[in-house]
Amino acid sequence: MDWRWGLRNTKQHSSHGRYFPGAIAAGNCVVIKPSEIAPATATALATLLPKYIDKSCYPVFLGGVEETTDLLKERFDYIFYTGSSMVGKIVYQAASKHLTPTTLEMGGKSPVYIDNTAEMDVTARRVMWGKTQNSGQVCIAPDYVLCTRKVQEKFVQSAEKALKEFFNGNAKTTSDYARIISHRHFNRLSNLLKNQKIAIGGHTDPQDLFIHPTVLIDVSPDDPVMQEEIFGPILPIVNVENLEQAIKFINSREKPLTMYVFTKDNKTKQAFLERTSSGSLTFNDTIMQATVDGLPFGGVGNSGECHY
């Protein structure tokens, strides 16, 4: 889900947390614009918030592109946006007219590198857990894997075993697996599966907005699935020969919001620390860095412009 909000009549802004409650708790007046992509949640906010807080200080605006465009014409003291890089550029451009400080929390293609020292069962469980949270519709979800063909083979075996354990053998019938948020995004994700070599999953149901957790192997860097943030339960594996190729591949692309490295080798860890750039870098786990309250959160370049 993406959020847009602006702050009015204050010199302070929330420096903690990614959502508008932090701005309210800091004593700001807040204009709230929830995402039209999640209409039920947006309506719930517009209905419930005025019952408990002063709507003259905390108005909620519903709508899509037109309404958001009109809001961005207003002069705020601070603008916070989280969502896609494409819309983030529009928000940043609008903010620049008044030199308004802005936080952009976006995503991008967050890579996973796995080497031959990683404990594969644990690695696969943690990668697939991160990838299947909310069906992959999480800004810091693992987007794709870089590894050798030998590691790929081991990973696929362990990943299949992990998914069966997570969802009792059937992701469609379990209550623990989410659906894709809209038909538009379902169709976008389904198109990314075309002409791909599927090692795990691949099953879809448009009526139920269901896409089975899917692992793609032997993916080319030029394939459509590697050209945009996936934001869904599809995990492509791109083969590299070694650490050097992996770092070169990552550095040739836009800087990601996060990066995950699975290895026991300290030299490999140091290489990623010194030679790559991302919003965060986590070793031997996924997602969990966002749960640590004292750690900073944000992106670099295309993955965000954060001031906290």
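Helices, defined as DSSP runs of H or I with at least four residues, and strands, defined as DSSP runs of E with at least two, are numbered from the N terminus. In the predicted model examined here, T100 is found in the loop that joins helix 4 (85-96) to strand 4. T100 is buried, because its relative accessible area of 8% falls under the 20% limit. With neighbours within four places in sequence left aside, the contacts of T100 are F76, D77, Y78, I79 and A95. One of these partners, A95, belongs to helix 4 (85-96).

Strand 4 itself comprises residues 102-105 and includes E105. The UniProt record, an unreviewed entry, places the feature "active site" at E105. This residue is buried in the model, with a relative accessible area of 2%. The record, again as an unreviewed entry, also lists residues 21-304 under "domain: Aldehyde dehydrogenase". Across the span 21-304, helix accounts for 35% and strand for 17%, and the C-alpha atoms at the two ends lie 20 Å apart.

Two helix pairs were examined for their packing. Packed helices are described by the angle between their axes together with the distance between those axes. In the first pair, the axes of helix 5 and helix 6 (residues 149-166) come within 8 Å and cross at roughly 60 degrees. The arrangement of helix 5 relative to helix 6 is therefore oblique. The crossing of these two helices is right-handed. On the helix 5 side, the contacting residues are M120, D121, A124, R125, V127, M128, W129 and T132. Their counterparts in helix 6 are V151, K154, F155, S158, A159, K161, A162, L163, E165 and F166.

Within this interface, T132 lies in helix 5, which covers residues 120-132. T132 counts as buried, because its relative accessibility is 7%, a value under 20%. The side chain of T132 reaches the backbone oxygen of M128 at 2.7 Å. Apart from residues up to four places away in sequence, T132 touches L163, F166, F167, Y177 and P213. Of these, L163 and F166 are among the helix 6 residues that meet helix 5.

In the second pair, helix 8 (residues 243-251) packs against helix 9 (residues 266-275) at an angle of about 25 degrees, and the axes are 11 Å apart. Helix 8 is therefore roughly parallel to helix 9. This crossing, too, is right-handed. The contacts link L243, E244, I247, I250 and N251 of helix 8 with T268, A271, F272 and R275 of helix 9.

Backbone geometry was considered at two loop positions. Most residues other than glycine have a negative phi. N134, by contrast, has a positive phi, near 50 degrees. N134 is located in the loop between helix 5 and strand 6 (144-147). With a relative accessible area of 43%, N134 is partly exposed. A positive phi, near 70 degrees, is also found at I287, which lies in the loop between strand 13 (281-283) and strand 14 (304-305). I287 is buried, because its relative accessible area is 11%, whereas N134 is partly exposed.

Note on methods
Residues numbered from 1 in each chain as written. Predicted model: local features only at pLDDT ≥ 70, side-chain atom pairs only at ≥ 80, totals over all residues. Heavy atoms only, no water. UniProt positions renumbered as here; feature names shortened; annotations may be inferred. Buried < 20%, exposed > 50% of the residue type's maximum accessible area, 1.4 Å probe, protein only. Polar contact = N/O pair within 3.5 Å; in protein donor to acceptor, adjacent residues only side chain to side chain. Contact = heavy atoms within 4.5 Å. Axes fitted to C-alpha atoms, helices over the stretch in contact; angles between N-to-C directions. Parallel < 35°, antiparallel > 145°, perpendicular 65-115°, else oblique. Left-handed = near helix turned anticlockwise from the far one by under 90°.
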